[in-house]
Amino acid sequence: EYQGEPTEDGSDPITGIFGVQYCITKGAIDRMTVNMATDLRPYNVAIVGLDAGFCATENAKNLEKKVQSGIWDPSEDAFIKMAMPFFTGEIKSHSVETVGRAVVALATDPNVLSYSGKRLHNEKLMEHYGLPDTGYKMSTISDEDIKGVFDTYDKDESGTINASELEECFQCLGLAPNKVENYMHLYDDSEDKQLNFDEFAILVREQGASMQVDPNELMSSFKKFDTNNDGQLDHNELKKALTEMGDTFNDDELKEFFKDFDFNNDGVLDYSEFVALICD
């Protein structure tokens, strides 16, 4: 069972990277945690220090963009150098929403007072409370890419995705279908047992590192095969796409195949129909 971490003793290896200021600040927070916990325990108030790890805040995402654009040279800054594995997805970071869920679980724990005066790690809290791993891959997935996937699985065009539609979506993206209920509960902020686009977008961005199919790659492939840039694939463009993917069809077979995924019968495949084809 998770018991928490000892307060700052000066042995934190990261201290050497950030220097004296970091060490003093972190030590002061730890000391304040201990003192406040002692003073407030008679009132049944728990005071803890939370180590969120590398968190995908807006500042962190902006920093990533600077690194990718070459505005900030990683070799010139120790923090950027340390953070690069998170930016590239080699090491998983956490979203601010994930940290919030761990705090809620802790706050509603009947034994929360047993943690008072201790420093806790977010990742270990997630494991302790059995929270799904909502790791966040820092690389940005655009709204356009996510919208294409959303529209594909919003089968009834209701503007939301229900549990059965989400299960199909998970099978396409390589996420575990048996965890649909867990994720529906976590991301359904409106508590209507379905996900609107904003809720779905948060799910996709937070689970980016776990996906076997990257929505970015789906959109890139679609644009590559859409040679006349009209936002849809005709028979010739689809034939070229399937050939490059290693499939061979004669004209009659291609027509039948095309018909299966041309859901609105307009003679072309839009992006959402293309996604359905790829994930079939």
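The following paragraphs go through the fold, the nonpolar cores, one buried acidic residue and the aromatic pairs of this predicted model.

The protein chain has 280 residues, of which 38% count as buried. Its secondary structure consists of 14 helices and six strands. Among contacts with a separation of 6 or more, 64% are between residues 24 or more positions apart. The exposed surface of the protein chain comes to about 15500 Å², and carbon and sulfur atoms supply 50% of that area.

The largest nonpolar core contains 38 residues. Those with the most contacts inside this core are Y153, L166, L195, F200, L238, L269 and L277. Two or more residues each come from α7 (143–153), α8 (163–173), α9 (180–187), α10 (197–206), α11 (215–225), α12 (235–244), α13 (251–261) and α14 (271–279). L277 can serve as an example of the packing: leaving aside residues up to four places away in sequence, L277 touches L238, L242, F257, F261 and L269. A second core, separate from this one, has six residues, including A102, L106, V112 and Y115.

Helix α8, one of the contributors to the largest core, also holds a charged residue, E165. Which side chain of opposite charge is nearest to E165? It is K155, at 6.8 Å. A salt bridge requires a side-chain nitrogen of Lys or Arg within 4 Å of a carboxyl oxygen, so a pair at a distance of 6.8 Å does not qualify. E165 is therefore buried without a salt bridge. K155 is nevertheless among the residues that E165 touches, together with Y153, D154, D156 and T160, when residues up to four places away in sequence are not counted.

The aromatic side chains come next. A pair of aromatic rings is described by the distance of the centres and the angle of the planes. The model has four aromatic pairs. One of them, F150 with F197, is edge-to-face, with 5.6 Å centre to centre and 90° between the planes. This pair links distant parts of the chain, as F150 lies in helix α7 and F197 in helix α10, 47 residues apart. F150 counts as buried because its relative accessibility is 3%. F197 has a relative accessible area of 19% and is also buried, because the cut-off is under 20%. The rings of Y183 and Y187 have centres 6.2 Å apart and planes at 25°, so this pair is stacked. Y183 and Y187 both belong to helix α9, where four residues, about one turn of the helix, separate them. Both tyrosines, Y183 and Y187, are buried. Ring pairs also join F150, F197 and F200 into a cluster, and F200 is one of the residues with the most contacts inside the largest core.

Terms used:
Residues numbered from 1 in each chain as written. Predicted model: local features only at pLDDT ≥ 70, side-chain atom pairs only at ≥ 80, totals over all residues. Heavy atoms only, no water. Core = buried A, V, L, I, M, F, W, Y, C linked by side-chain atoms within 4.5 Å. Buried < 20%, exposed > 50% of the residue type's maximum accessible area, 1.4 Å probe, protein only. Contact = heavy atoms within 4.5 Å. Lys, Arg positive; Asp, Glu negative; His and termini not counted. Areas by Shrake-Rupley, 256 points an atom, 1.4 Å probe, with all protein chains shown as cover. Phe/Tyr/Trp six-rings, centres within 6.5 Å; stacked < 30°, edge-to-face > 60°.
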